[in-house]
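Hello,

Here is the structure I promised to pass on. Please open it alongside this email.

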Amino acid sequence: MSDIRLEGVTKHYGSVAAADNVDLAVTQGEFVTILGPSGSGKTTLLSLIAGLNRPTAGRIFIGGRDVTDAAAQERNIGLVFQSYALFPHMTALENVLFPLGVRGIGAAEGRRQAIDALKLVQLEGLGDRRPSQLSGGQQQRVALARAVVFKPDILLLDEPLGALDRKLREELQVELKQLQRTLGVTTILVTHDQEEALSLSDRIMVLDKGRPQQVAAPAEAYLKPANRFVAEFLGIANFVGMPDGRRGLVRPERMRLAASGEGKAARVVEAIYLGQMVRYHLALEGAQGAQPVVAAVPFLGKAFATGERVIVSWDAADLWPVAQ
Ligand code: ADP
Ligand code: MG
């Protein structure tokens, strides 16, 4: 287990700064997620930490050691990518054994450790199958077992669940979090999925065009975004005014809806049933052409209908002034 520190890490591809002066400190055992849209530089950052790529400028430290110029195999890192990247001609067990063989661990001891790792990812008894005989989720579990079997100092995961369908992805998210907690291994996950980032991480770093926009705990980034990009990337944001003239963001779950009472009058433009919640798109009266206000409220057996007049209100405390 190690901490990770990036100091002014920059990577240029021609005129593109895929990583632009990135500072980040990940503490031992922490789970940090790099979150950003496609092309924001997530994979670039991970490949720099892994040593698959060299920065144009800046330093990278793992466990206090400057590894900027160290080869990938000198960094003791477990890596998992979106594409499973298993050896197709090897069984699951042989795949998991591979990094142990590379490290000169004897056959009997290696076998014991590989079987333990397969157990850890709940693939006990499937060690003899080849990747083609395993489902996508099982293949990604093998990839995880292979990444942790040699007790890496850090674990780097690049969109590891991106190829899986939603239900399986949610299951594996829970397993991944449990595995990370069990092993206590310092982990950096890369994803473009805000829900995944918010639900798994101790902290998230939001990236835009190679530049970190905010590093914060999930709830803080969600409710107190550093800027408009973070606010909008992490979910639906209502930009509204207060009677005192302040403007800012209010998240949909912080909105209240009623048939009457104090607040702003609005028409229901759309009511979208989401299971436990209903999401309303509302046109405020006297605000023609403005973005609809979005409110997400628990579904309690009855919803407001499209076209209905409602009163929407929010607390001043839930309004977060955000740089536009
Ligand atoms: P992400 O993983 O967030 O989708 P990447 O790190 O893959 O983003 O890419 C960030 C930017 O760097 C993109 O503009 C991409 O086109 C560019 N880029 C990445 N790798 C290379 C490369 N090997 N050569 C040239 N440009 C690259
Ligand atoms: Mg990527």
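Below is what I found, starting with the ligand and moving on to the sheets.

One caution before the details: this is a predicted model.

**The ligand site**

Start at ligand 1. Which residues are around ligand 1? They are Tyr13, Val16, Ala18, Pro37, Ser38, Gly39, Ser40, Gly41, Lys42, Thr43 and Thr44. By class, the shell divides into four nonpolar residues, six polar and one charged.

Two elements each supply at least two residues of this shell: strand S2 (16-26) and helix H1 (42-50). H1 gives the most, with three residues. Keep H1 in mind, as the helix comes back twice below.

Three short distances stand out for the oxygen atoms of the ligand. An oxygen atom of ligand 1 lies 2.5 Å from an N or O atom in the side chain of Thr44. The backbone takes part too. A polar backbone atom of Gly39 is 2.7 Å from an oxygen atom of ligand 1. For a polar backbone atom of Ser40, the distance to a ligand oxygen is 3.2 Å. How much of ligand 1 does the protein cover? The answer is 56% of the 560 Å² of accessible area that the ligand has on its own.

**The four-stranded sheet**

S2 also belongs to an open sheet of four strands. The order is S2-S1-S4-S5, and the pairing is antiparallel. Why do S2 and strand S5 (65-66) each have one side without a neighbour in the sheet? Both stand at the edges with a single partner strand, so one side of each is left free of a neighbour there.

Look next at the pairing of strand S1 (residues 4-13) with S2. The two run antiparallel and are joined by seven bridges. To find the register, go to Lys11, which stands opposite Ala19 in S2.

H1 lies across this sheet as well. The helix crosses S1, S2 and strand S4 (57-62), and runs at about 120° to S1.

**The six-stranded sheet**

A further open sheet has six strands, in the order S6-S7-S8-S3-S9-S10. Here the pairing is mixed. Strand S6 (77-80) and strand S10 (211-216) are the edge strands, each with a single partner, so one side of each has no neighbour in the sheet. From one strand to the next, the twist averages 15°.

One parallel pair is worth a look. Strand S3 (residues 31-35) and strand S8 (residues 186-191) pair in the parallel sense over five bridges. Within that pair, Leu35 stands opposite Thr191 in S8.

H1 packs on this sheet too. The helix touches S3, S6, strand S7 (154-158), S8 and strand S9 (203-208). Its direction makes about 155° with that of S7.

**Further along the chain**

Strand S14 (residues 264-273) pairs with strand S15 (residues 277-284). This pairing is antiparallel, over seven bridges. Glu270 stands opposite His281 in S15. How many residues sit between the strands of this hairpin? There are three, and Gly275 takes a positive phi near 100°.

S15 has another antiparallel pairing, with strand S16 (residues 293-298), and six bridges join the two. There, Met277 stands opposite Pro298 in S16.

**Where to look**

If you have time for one element, take H1. The helix gives the most residues to the shell around ligand 1, lies across S1, S2 and S4, and packs on the six-stranded sheet.

Best wishes

Definitions and conventions: Residues numbered from 1 in each chain as written. Chains lettered and ligands numbered in written order. Predicted model: local features only at pLDDT ≥ 70, side-chain atom pairs only at ≥ 80, totals over all residues. Heavy atoms only, no water. Near = heavy atom within 4 Å. Polar contact = N/O pair within 3.5 Å; in protein donor to acceptor, adjacent residues only side chain to side chain. Areas by Shrake-Rupley, 256 points an atom, 1.4 Å probe, with all protein chains shown as cover. Nonpolar A, V, L, I, M, F, W, Y, C, P; charged D, E, K, R; others polar. Pairing = 2+ DSSP bridges. Contact = heavy atoms within 4.5 Å. Axes fitted to C-alpha atoms, helices over the stretch in contact; angles between N-to-C directions.
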